[in-house]
Amino acid sequence: MESIVGKNAIETITSLTNFPLITGASLTSKPFNLTCCGSSGNNNDTGNHLCTTDKLVEITVTTKFKDQEKNKVRHLKKNILGCVNGKEGVFKPLSNFFIQEICEGVVDTRFSPSGEKSVVLKSLSCGGSGDNKDKKEYIIELYNKNRLISTYNVTNYHGNFYTDEHFWNLSWSPDEKKIAYIVEEKKDEKETEGYRAFTYEEDWGEKNDKRRKPQLAILDFNTGEVTVIKTESSVGLVSITKDNKLVFVQFDDKLKYGIIYCSNRFSTAWRCNMDGGNMENIIHQGTRYGKGPLITSDVHPIENVRGLQYDSEGHALYFVSNYVANYPHNSCSRLFKYDLNDKECTLLIDYVDEIGEAYGNAVLKGFPGLFLHQLTAGCCQHYIHPKNPNKKPESFVFLHTSWATRQVILALQQSTGTLIDLTADINLENYEILHITSEFILAKATSQCNPCTLMLGVINYDGQLSVQWSQVSAQDYSEDTKTILNNIDIRTETIKNPDTGGEFDVILLYPKTLPSGLKKSPLIINPHGGPHSLYTFTYSPMLAGFVAFGYTVMLINYTGSLGYGQKKVLELVSKIGELDISDVYAAVEAMKNQIIKFGEAAVEIDTDKIFYYGGSHGGFIGAHMISKYPNLFKACCLRNPVINCGGMLFLSDIPEWSPLELGLPWDLNHPPVVTEDLYQKAFNCSPIKQVDQVVTPLLLLLGEMDRRVPRQDSFYYARLLKSKNKDVEVVLFPGTGHPLDSVEAEKYSFESIINKYSKFI
């Protein structure tokens with residue numbers, strides 16, 4: 001079977017992964033009074049000339065792509081120079097500088113607030129053998145513009161740099177003579193001698209192998225000295241304040257749990273001197289807080305501090321917080337401000353229980369609450385009213401959040417509590433903030449038809465805040481890639497479950513034209529994992545590849561998904577294996593019964609050829625469905641599926657997942673003994689209990705490094721099916737974990753799925 005461009009599975013997925021996707025961006029700007037590019041040179045043509053408010057903008061973009069031939073992920077950097085017309089707010093490129101490949105040893109690059117300096121962090125292999133084969137050397141390079149000033153070897157002071165979203169941040173001192181950053185604690189020599197070298201220590205789970213104790217490090221550029229501040233707990237998200245103090249987060253780590261994809265981890269905020277003295281716990285469960293405008297809910301303790309960001313102009317901290325105790329792994333967030341001057345904390349955005357009920361008329365209609373992982377550096381900006389300069393500056397917080405099937409950018413006006421959707425006119429695309437200043441927002445726009453576009457938002461405040469978006473750069477695709485992407489149609493639908501009365505959203509991806517050999521479009525059913533996650537319009541090479549082979553893909557945001565209010569999240573708790581399955585079945589029936597109508601020009605959906613595709617909790621749902629509805633799907637593919645919730649209690653990096661989803665209590669600091677009753681309840685809701693009913697041909701895709709879901713349960717599941725002569729294949733990918741996101745795993749996963757499904761077309 002060939003795709004719409006006449007290529008096989010490997011060639012097709014290669015064409016959908018061999019172009020750079022944006023991973024980060026930053027900018028600097030300054031006044032610019034010359035004629036912009038594109039000017040005719042005619043002085044009477046005022047539309048082509050820059051006025052006094054025009055700006056010269058230099059943008060640095062980092063990207064990555066999967067090199068299928070070399071079997072590795074490659075990272076690139078590009079500089080873009082352009083001008084912004086102050087009247088129109090439109091970006092006009094002046095030049096694209098050469099694209100530079102980032103060396104493999106480069107961990108991160110950060111510019112100073114002035115834009116004059118930058119640091120490059122490197123983790124370099126020493127090239128040893130035997131016991132020294134994994135030995136690393138840690139280097140920090142200081143640049144002034146593009147000129148290397150100094151190189152600092154910090155290997156003797158600490159371990160590797162942390163660059164993840166949960167712990168990592170790098171902050172410059174106000175005079176730009178020091179930086180603070182997050183590193184792995186270096187053990188004393190005595191701790192690595194004899195048997196102590198083999199002492200087991202917990203780490204932070206999936207995607208954080210051997211990351212055990214993140215700590216603060218401060219590098220003084222003048223002296224070259226490195227100070228490592230050792231704290232009792234793991235730390236992260238450090239900033240240096242304008243009065244030369246350190247503010248940061250401490251995570252409870254007496255018992256470590258997997259932290260990626262999990263918002264229910266206890267943490268607190270701290271402040272201390274640059275040498276670690278005068279350590280003070282400033283935000284914790286006992287912290288009292290006031291309420292911003294429009295908030296009338298009851299007070300609830302601040303159980304964690306996530307996404308901590310420092311605002312130097314207001315000398316304040318901003319962070320989001322979630323319920324932790326006995327709450328599922330993702331839920332609705334609250335937004336807080338902590339004023340470092342008067343030590344007062346204020347709740348700015350509260351949880352939203354049900355859409356449309358919480359805030360009143362001053363907030364966007366249908367706002368579902370905040371569903372986000374982190375805040376962006378510089379998230380708070382301040383504006384003076386141009387017609388009333390003596391008035392107190394107005395402060396806004398900018399953030400991106402999931403809202404049903406979209407990811408949107410919002411601005412919160414702190415004085416009124418009003419929320420503004422800065423992407424309200426944009427449909428079927430996600431927007432994510434990459435960099436923000438008082439004048440500009442750099443954002444990444446993505447959809448299944450548009451993998452990655454860099455957008456510049458020009459901020460205007462004249463008493464009302466608005467943003468004018470324009471494209472900075474678009475991706476250059478091969479002809480095959482263009483054909484595939486242009487052949488994808490997207491629509492969203494709301495489905496009502498006739499058994500529960502509840503409603504949920506789906507996203508449909510379907511081909512405009514079918515490959516030769518197909519008369520109808522086979523249907524792939526794909527609920528997300530989590531279960532408290534969601535599908536939005538984010539680009540996925542796998543999904544684009546399915547459509548290229550003529551499949552229609554239904555992405556299902558079943559009850560329990562994020563982006564629909566807190567109540568919707570919690571409705572699934574104690575009902576996994578029931579309500580989620582009921583919603584997915586209702587979605588299948590809606591397609592089979594043609595409740596969802598397509599236009600006359602659309603391809604016809606082949607509802608006699610339905611396939612299943614799901615990972616993690618989506619795999620859990622799929623394994624249940626092929627037991628409960630054995631003849632519904634022609635074939636089923638499960639990626640790292642949850643097969644036995646009982647096994648999760650012992651082998652997962654998040655052992656509390658099962659009891660919390662079952663609605664049972666679990667104390668993170670004092671976990672209970674797994675009793676026969678608890679294990680039985682977990683086992684009873686598991687797909688493995690109904691393995692005898694499975695007849696659907698099955699493909700299991702597993703990651704050898706997966707620490708979230710135990711692959712041993714999938715091995716056992718497959719073994720039981722093989723003993724009954726069922727059609728089951730298992731593919732195990734080395735060196736990759738729960739997301740199966742290595743170059744090989746993505747490529748050969750796609751090939752194996754197309755091969756499996758094609759047998760039944």
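Student: What volume does the second largest pocket have in this model?
Tutor: The second largest pocket fills about 460 Å³. Keep in mind that the model is predicted.

Student: What makes Lys337 a lining residue of the second largest pocket?
Tutor: A lining residue has an atom within 4 Å of a pocket point. Lys337 is among the 19 residues that line this pocket, so it meets that cut-off. Lys337, Lys392, Pro393, Ser395 and Gln414 are the closest to the pocket centre.

Student: Which strands supply at least two residues each of that lining?
Tutor: Strands E20 (316–321), E21 (334–339), E22 (344–349) and E24 (394–403) do. E22 gives the largest share, four residues.

Student: How many residues of each class are in the lining of the second largest pocket?
Tutor: Eight are charged, six polar and five nonpolar.

Student: Why is the set that includes Ile525 and Met554 called a nonpolar core?
Tutor: A nonpolar core joins buried residues of the nonpolar kinds through side-chain atoms within 4.5 Å. Ile525 and Met554 belong to such a set, the largest, with 62 residues; therefore the name applies. Helix H5 (residues 579–592) gives the most to this core, eight residues. Another core lies apart from it, with 54 residues, including Leu142 and Phe167.

Student: What does Leu698 touch, beyond four places in sequence?
Tutor: Among its contacts are Ile626, Cys636, Leu638, Tyr717 and Leu721. Leu698 also touches Asp727, Val728, Glu729 and Lys756.

Student: Where does pLDDT stay under 50?
Tutor: Over residues 36–52. The model has 31 contacts beyond four places in sequence for this stretch. The chain averages a pLDDT of 93, and 95% of the residues score at least 70.

Conventions:
Residues numbered from 1 in each chain as written. Predicted model: local features only at pLDDT ≥ 70, side-chain atom pairs only at ≥ 80, totals over all residues. Heavy atoms only, no water. Buried < 20%, exposed > 50% of the residue type's maximum accessible area, 1.4 Å probe, protein only. Contact = heavy atoms within 4.5 Å. pLDDT = per-residue confidence, 0-100. 1 Å grid on protein atoms, 1.4 Å probe; cavity = no way out; pocket = protein on both sides within 12 Å on 5 of 7 lines; lining within 4 Å. Points joined across faces, edges and corners; volume = space filled by probe spheres on them. Nonpolar A, V, L, I, M, F, W, Y, C, P; charged D, E, K, R; others polar.
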